[in-house]
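Please take the structure below as a starting point, and follow its packing and pairing from one group of elements to the next.

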Amino acid sequence: MGLKLTFLGGFEATLDGEPLTGFISSKAQALLCYLAVDGRIHSRHALATMFWSDMADKEAMTNLRQVLSNLRKLVGDHVTITRQTAVFNRNTAYWLDVAAFAASVELPLATLEEAAALYKGDFLAGFHVRNAPDFEAWARLQQEWLREHALDIFDRLTEQQIAQGAYRQALASLARQLALEPWREEAHRQRMWLLAKTGQRNAALRQYDVCRRILQQELAIEPAQETTLLYNRIRAARKRPFSPHPHPAASFIGRDQEMNAIGRLLRGTAYRLISIVGLGGMGKTRLALEAIRRWPHLFLDGSFFVRLAAVESEEGVITAVARAIGLHFYGRSPHRQQLITHLHDKEMLLVLDNAEQLVAGDGAAIIPLLIDLLAHAPQLKLLITSRQRLNLRQEWVLPLDGLAADDNADVLFVERARQHGAVHVDDAPSVSRICHLLGGSPLGIELVAGLTAQQSCAAIARQLTEDLDAAAALWRDVMPRHRSLRVVFEQSWRLLPPALRTILARLSLFQGGFSTEAARRVGGAAVSDLQMLADRSLLAAENGRFDLHPVIQQFAEGKLAAMGETEAIWAAYGGYYADFLQQRELTAATPLMLAEIEGEWSNIATAWGWMMAGKRVTVVCQSIIPLFTFLEARARYQEGASMMGKVVNQFAALTDASDARLAYGYALMFQGAFIGSMGRFSDALANHERSFLIFQSLPNERAMAWSLNYHALNLQDLGRYDEAEAYCQRGLALYQQLNDENGIASAIKTLGHIDYNGGRWEQAREHYEQTAVLYKKLGNQRESTTALLNLGNIAYIQGAYAEAKSLYRERLAFTEKTGDLSGVARSTHNLGITALALKEYDEAKRFLKRSIQIGSSISAWQIVAASYEILGDVALAQNEREAAQAAYRQGVAFARKGQSEVLFAEVSKKLANLG
């Protein structure tokens with residue numbers, strides 16, 4: 001076994017497995033350590049000087065001779081001693097932990113854990129030699145070098161463990177780093193991050209306090225900005241509720257191997273694009289939802305479920321993702337860029353469900369967007385469910401086949417059968433036969449389990465066997481497992497009463513779920529009918545709404561076509577959503593109205609497509625105004641311009657009829673409003689001029705008044721204030737004739753904008769005050785508080801800071817109440833400016849920092865840049881030059897990020913003036 005020397009963590013020596021004792025002094029132990037670690041030949045004189053420098057040469061040499069004699073006796077040939085020299089003999093059987101540990105510098109990552117295990121503590125920890133300062137100095141150098149090496153090992157090991165998703169082991173490695181260097185801020189930061197990702201968010205926040213205290217005590221500094229930003233993110237994440245996603249009513253059974261694989265991929269940093277790929281009905285969606293449920297804390301900025309089954313374009317994907325993550329588009333920049341910018345620093349999981357129609361073909365709609373998201377959002381992870389893979393280099397594919405018998409297919413069948421009140425589920429061979437015939441498809445198993453309340457498992461197995469053979473002859477272009485699902489559906493279909501068959505077929509038009517009222521109007525379904533379909537696993541019920549699995553929906557669509565009433569049901573579907581929109585026109589853009597339309601957006605967009613395809617004038621006229629109101633309030637300008645552009649294109653040749661001309665005129669006007677909001681003022685003016693001519697030819701004074709108002713806003717954008725006022729006054733006169741109070745308020749608000757931008761402050765104040773009163777009378781709090789914001793701006797310009805502060809606070813209270821984050825960011829920014837003017841510096845900083853925090857969360861970079869600029873002004877007012885420079889630098893960076901040339905130039909000038 002030989003000599004074993006362990007010096008990391010103390011002094012320990014064994015020979016042939018037995019502890020080595022009998023050292024005449026600590027200097028004998030120290031000399032053995034020195035010779036073994038150093039490895040060179042040393043003269044006796046040099047050794048005597050190192051260990052007995054306080055003695056005369058003769059006395060020192062005598063002591064050395066005694067120690068060498070002691071070592072020869074204890075370790076024999078392991079130390080070679082001559083009359084002049086001494087050296088450790090490396091040709092003998094020995095093991096030295098320091099040498100093994102030093103060799104780990106070149107170790108590959110796979111063996112880092114073995115290297116880390118060698119470091120049991122500092123070199124010769126707790127071992128001291130008196131009156132040997134040269135040895136002590138040498139030992140300290142060894143200790144420092146080995147400690148640095150250990151820190152490097154632990155750091156590399158931590159990175160490896162994080163990359164592999166081994167968070168518990170990574171936390172242990174970080175603890176060892178911090179034991180060696182408590183002031184190692186990066187380790188504190190990594191530990192905060194890992195604690196948060198493992199659900200220990202309070203512990204993560206406490207770790208920040210520990211880090212801050214140690215940095216103050218040891219280095220007299222504050223944590224770096226990166227550490228504080230992470231602390232703020234974790235604190236915000238702790239307060240934020242779990243990300244909303246569907247909650248399956250039934251328990252999750254089986255798929256242990258797949259869940260382990262997904263967990264490894266989600267935790268590992270190298271796996272950023274994961275595709276769950278399989279046939280319909282294999283449980284791809286259910287598996288993705290279970291992953292979100294099992295690891296709710298894994299992503300600091302949340303995990304979000306995005307339904308894509310009804311989406312067919314990139315813009316549709318962008319809208320669906322924005323809706324899922326709560327991103328409201330703003331301003332004129334493209335929605336695609338706004339989404340990418342918003343996600344660029346987010347540690348987030350997006351589950352993109354049912355993406356196959358966006359993946360197929362050379363012009364796959366989703367691929368370029370995914371590539372850009374992965375390139376520009378380095379902490380974003382994408383989990384895709386699809387019937388086909390993406391074929392991207394970054395993609396990690398998890399194929400999903402049917403459940404095997406040993407993966408609880410039989411257990412799933414029995415549990416679902418018992419949920420349906422079945423009593424014939426003790427026939428294990430028949431249950432296994434059924435699951436085998438279904439190819440282990442979870443959807444097929446759930447459907448068939450619903451039949452057990454009426455039939456025995458043996459009878460069901462016989463029928464499936466017979467029908468499967470027949471189906472094979474009928475559908476030769478369909479894969480066997482999918483054939484089984486068709487057979488399952490046919491069996492479920494035959495067992496339905498005729499009335500329920502009709503209802504289910506009609507419900508196949510709905511996209512993204514539907515309400516009981518929608519089911520009644522379109523499908524003729526009572527609540528009891530819906531419940532019976534849900535009991536048979538043909539519908540999913542959640543929070544008062546119902547939905548169909550995409551595979552069931554596909555089958556049911558085929559049955560609807562076979563019934564020959566597709567056209568009539570489409571008319572009922574389109575008519576229902578036209579009525580749905582028209583009813584919400586009366587409520588204006590209230591938060592409730594916006595939320596209701598958002599909840600039905602997949603169905604509304606589908607119904608709009610049906611209206612366009614058939615050039616259905618009546619329902620378009622019903623729907624177009626509330627549709628515009630919704631899209632404008634949500635700042636979905638590109639989507640709105642596209643939807644209105646389809647009306648313009650489809651109805652251009654139908655303008656002989658007055659209704660068609662009205663729809664055409666509205667579409668031109670609304671398209672102009674959207675493209676004007678995107679900064680294309682000249683193009684918008686061309687639209688407004690065309691719509692104005694159309695409305696002149698129609699006996700529709702309301703549309704004419706609206707056109708005049710938008711024409712005025714467009715001219716104002718172009719700086720043609722006199723013309724704008726003339727058009728607006730004409731529109732106001734028409735609204736007054738019509739006694740349209742909403743229209744009157746809107747026109748007066750436009751006059752206020754014209755006066756404000758034209759520098760006529762008092763006239764603008766009068767108009768905004770009138771607007772506030774009118775909208776308050778109408779119960780439109782959103783617009784009345786917007787008027788208060790405008791009044792606050794005028795008060796600020798005129799130096800009435802206290803008045804401005806009061807108005808801004810009222811606007812802030814409303815935006816907080818309604819969850820309007822953009823409004824909160826702007827209001828707090830305005831309050832920060834006002835506090836600066838009032839020399840209330842601490843309050844100014846508080847408001848501006850809040851504006852920055854909220855603006856960053858919604859990617860409102862211009863607000864963020866402007867708030868940093870004012871934060872710099874506050875610092876300068878307090879003679880805090882360095883703080884001002886830091887704030888201005890941030891302002892410059894975010895102005896560049898927000899592509900604001902004006903802000904960039906303004907803040908850059910301030911920064912330059914500070915030198």
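In this predicted model, helices α22 and α25 are roughly perpendicular to each other, because their crossing angle of about 110 degrees falls in the range of 65 to 115 degrees that carries this description. Helix α22 covers residues 498-507 and helix α25 covers residues 550-563, and their axes are 7 Å apart where the two helices pack. In this arrangement α22 passes α25 in a left-handed crossing. On the side of α22 the contact is made by R501, T502, L504, A505 and R506, which meet A556, K559, L560 and M563 in α25. Sorted by class, the residues of this contact are five nonpolar, one polar and three charged.

A view of the whole protein helps to place this pair. The protein has 43 helices and 15 strands. Its radius of gyration is 37 Å, whereas the globule rule gives 29 Å for 915 residues, and because the value for the protein is well over that of the rule, the protein is more spread out than a compact globule. Taken along the principal axes, the box that the C-alpha atoms fill is roughly 125 × 85 × 45 Å.

Further along the chain, helices α28, α29 and α30 can be read as two successive contacts, with α29 taking part in both. Helix α28 (residues 601-614) and helix α29 (residues 617-633) have axes that come within 11 Å and cross at roughly 140 degrees, and the two helices are therefore oblique to each other. The crossing in which α28 passes α29 is left-handed. From α28, the residues W601, I604, W608, W610, M611 and M612 meet V619, V620, S623, I624, L627, F630 and L631 in α29. By class, this contact of α28 with α29 has 12 nonpolar residues and one polar residue, with no charged residues.

The second contact joins α29 to helix α30 (residues 637-651), and here the axes come within 10 Å and cross at roughly 160 degrees. That angle makes α29 roughly antiparallel to α30, and α29 passes α30 in a left-handed crossing. The residues of α29 that take part are V617, V620, I624, L627, F628, L631 and E632, and they meet Y637, E639, G640, M643, M644, V647 and F651 in α30. The classes in this contact of α29 with α30 are 11 nonpolar, one polar and two charged residues. Residues V620, I624, L627 and L631 of α29 appear in the contact with α28 and also in the contact with α30.

The strands of the N-terminal part can be taken next, beginning with an open sheet of four strands in the order β3-β2-β1-β7, in which the pairing is mixed. Strands β3 (18-19) and β7 (94-96) stand at the edges, and each has a single partner strand, so one side of each is left without a neighbour in the sheet. Following the order from the β3 edge, strand β2 (residues 12-15) pairs with β3 in the antiparallel sense over two bridges, and P19 in β3 is the bridge partner of T14. Strand β1 (residues 3-6) and β2 also pair in the antiparallel sense, over four bridges, with L3 standing opposite L15 in β2. The strands β1 and β2 form a hairpin with five residues between them, and in the turn G9 has a positive phi of about 100 degrees. At the other edge, β1 and β7 pair in the parallel sense over three bridges, and K4 stands opposite W95 in β7.

A second open sheet has three strands in the order β4-β6-β5, with antiparallel pairing. Its edge strands are β4 (42-43) and β5 (79-81), each of which pairs on one side only. Between β4 and strand β6 (residues 85-88) the pairing is antiparallel over two bridges, and S43 stands opposite T85 in β6. Helix α1 (residues 26-38) lies across β4, β5 and β6, and its direction runs at about 70 degrees to β6.

Methods: Residues are numbered from 1 along each chain as its sequence is written. This is a predicted model: local features need pLDDT of at least 70, side-chain atom pairs count only at pLDDT 80 or more; totals for chains, interfaces and linings use all residues. Side-chain values use heavy atoms; hydrogens and water are left out. Axes are lines fitted to C-alpha atoms, for helices over the stretch in contact, and angles run from 0 to 180 degrees between N-to-C directions. Angles under 35 degrees count as roughly parallel, over 145 as roughly antiparallel, 65 to 115 as roughly perpendicular and the rest as oblique. A crossing is left-handed if the near helix is turned anticlockwise from the far one by less than a right angle, and right-handed if clockwise. Contact means heavy atoms within 4.5 Å. Ala, Val, Leu, Ile, Met, Phe, Trp, Tyr, Cys and Pro count as nonpolar, Asp, Glu, Lys and Arg as charged, and the others, Gly among them, as polar. Two strands pair if DSSP finds at least two bridges between them. The radius of gyration is taken over C-alpha atoms; the globule rule is 2.2 Å times the number of residues to the power 0.38.
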